[in-house]
Amino acid sequence: MKKLVLAGCLGMLIFSCTKKEQASVSETSAQPVEATNAHLSGDQIIETLDCSGCHSVSERMIGPSYQEIADKYSEKDIDALAAKIIEGGSGVWGSVPMQPHSQVSKEDAKKMVSYILSLKKK
């Protein structure tokens, strides 16, 4: 029974994330993502994507909280984490893979990571 509920939840999550991502891509297909997000900060870019379906600032959800990410990584990891956002990944925080966000430019992904790392506990 638990497996059935978990499978249903994951299915709904994947459907909802994919649906929002597709809407974002089609809405911006007339302009490159870089041009439309050039004026946005990292946290604003995060708000335009489906990140909140799996992440929150301070509480672990399906994926790690931004706080957990900030506490684990440093400024030297910006390029690698930006690549993870764009390409997706799995295994670091559990078995549920993060979906790729190929519509996000490298520059925007770096802004997102910089915002997340700014949450590091001092």
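Read from the N terminus on, the elements of the chain run α-α-α-α-α-α, and the chain accordingly counts six helices and zero strands. The model is predicted, and the description that follows should be read with that in mind. Of the 122 residues in the chain, 36% are buried. The chain exposes about 7600 Å², of which carbon and sulfur atoms supply 61%. Among the contacts that join residues at least 6 apart in sequence, 60% are between residues at least 24 apart.

The interior is a good place to begin. The largest nonpolar core has 21 residues, and those with the most contacts inside it are Ile46, Leu49, Cys51, Tyr66, Ala109, Met112 and Val113. Two or more residues of this core come from each of the elements α3 (42–48), α4 (66–72), α5 (78–87) and α6. Cys51 shows how such residues meet: leaving aside residues up to four places away in sequence, Cys51 touches Ile46, Tyr66 and Met112.

Helix α6 covers residues 106–117, and its length can be checked with simple arithmetic. At 1.5 Å a residue, its twelve residues should span 16 Å, and the end C-alpha atoms are 16 Å apart, which agrees. The buried residues of α6 are Asp108, Ala109, Met112, Val113, Ile116 and Leu117. A general property of helices helps in reading that list: an α-helix has 3.6 residues a turn, so residues three or four places apart point the same way. Among the buried residues of α6, Ala109, Met112 and Val113 have already appeared in the list of those with the most contacts inside the largest nonpolar core.

Helix α5 can be followed in a similar manner. Ile78, Leu81, Ala82, Ala83, Ile85 and Ile86 are buried in this helix, and the buried residues of α5 pack against α6. Just after α5, the backbone at Gly88 takes a positive phi of about 85°.

What, besides this packing, links α5 to α6 across the sequence? Lys110 forms a salt bridge with Asp79, with the closest N and O atoms 3.0 Å apart. Because Lys110 lies in helix α6 and Asp79 in helix α5, the pair ties together parts that are 31 residues apart in sequence. Lys110 counts as partly exposed at 31% relative accessibility, and Asp79 likewise counts as partly exposed at 42%.

The count of salt bridges comes to three, and the remaining pairs can be taken in turn. In general terms, side chains of opposite charge can pair when their charged atoms come close. The side chains of Arg60 and Glu68 meet in a salt bridge at 3.2 Å, N to O. Arg60 is partly exposed, with a relative accessible area of 45%, and Glu68 is also partly exposed, with a relative accessible area of 26%.

The pair formed by Asp77 and Lys76 has its closest N and O atoms 3.9 Å apart, which is within the 4 Å cut-off and therefore qualifies as a salt bridge. Its partners differ in their surroundings: Asp77 is buried, with a relative accessible area of 17%, whereas Lys76 is exposed, with a relative accessible area of 72%. The label given to Asp77 follows from the cut-off, because buried means under 20% relative accessible area, and the label given to Lys76 follows likewise, because exposed means over 50%.

Technical notes. Residues are numbered from 1 along each chain as its sequence is written. This is a predicted model: local features need pLDDT of at least 70, side-chain atom pairs count only at pLDDT 80 or more; totals for chains, interfaces and linings use all residues. Side-chain values use heavy atoms; hydrogens and water are left out. Helices (H or I, at least four residues) and strands (E, at least two) are DSSP runs, numbered from the N terminus. The expected span of a helix is 1.5 Å times one less than its number of residues. Buried means under 20% relative accessible area, exposed over 50%, partly exposed in between (1.4 Å probe, protein chains only). A nonpolar core is a set of buried Ala, Val, Leu, Ile, Met, Phe, Trp, Tyr and Cys residues joined through side-chain atoms within 4.5 Å. Contact means heavy atoms within 4.5 Å. Accessible areas come from the Shrake-Rupley method with a 1.4 Å probe; for residues, only the protein chains shown count as cover.
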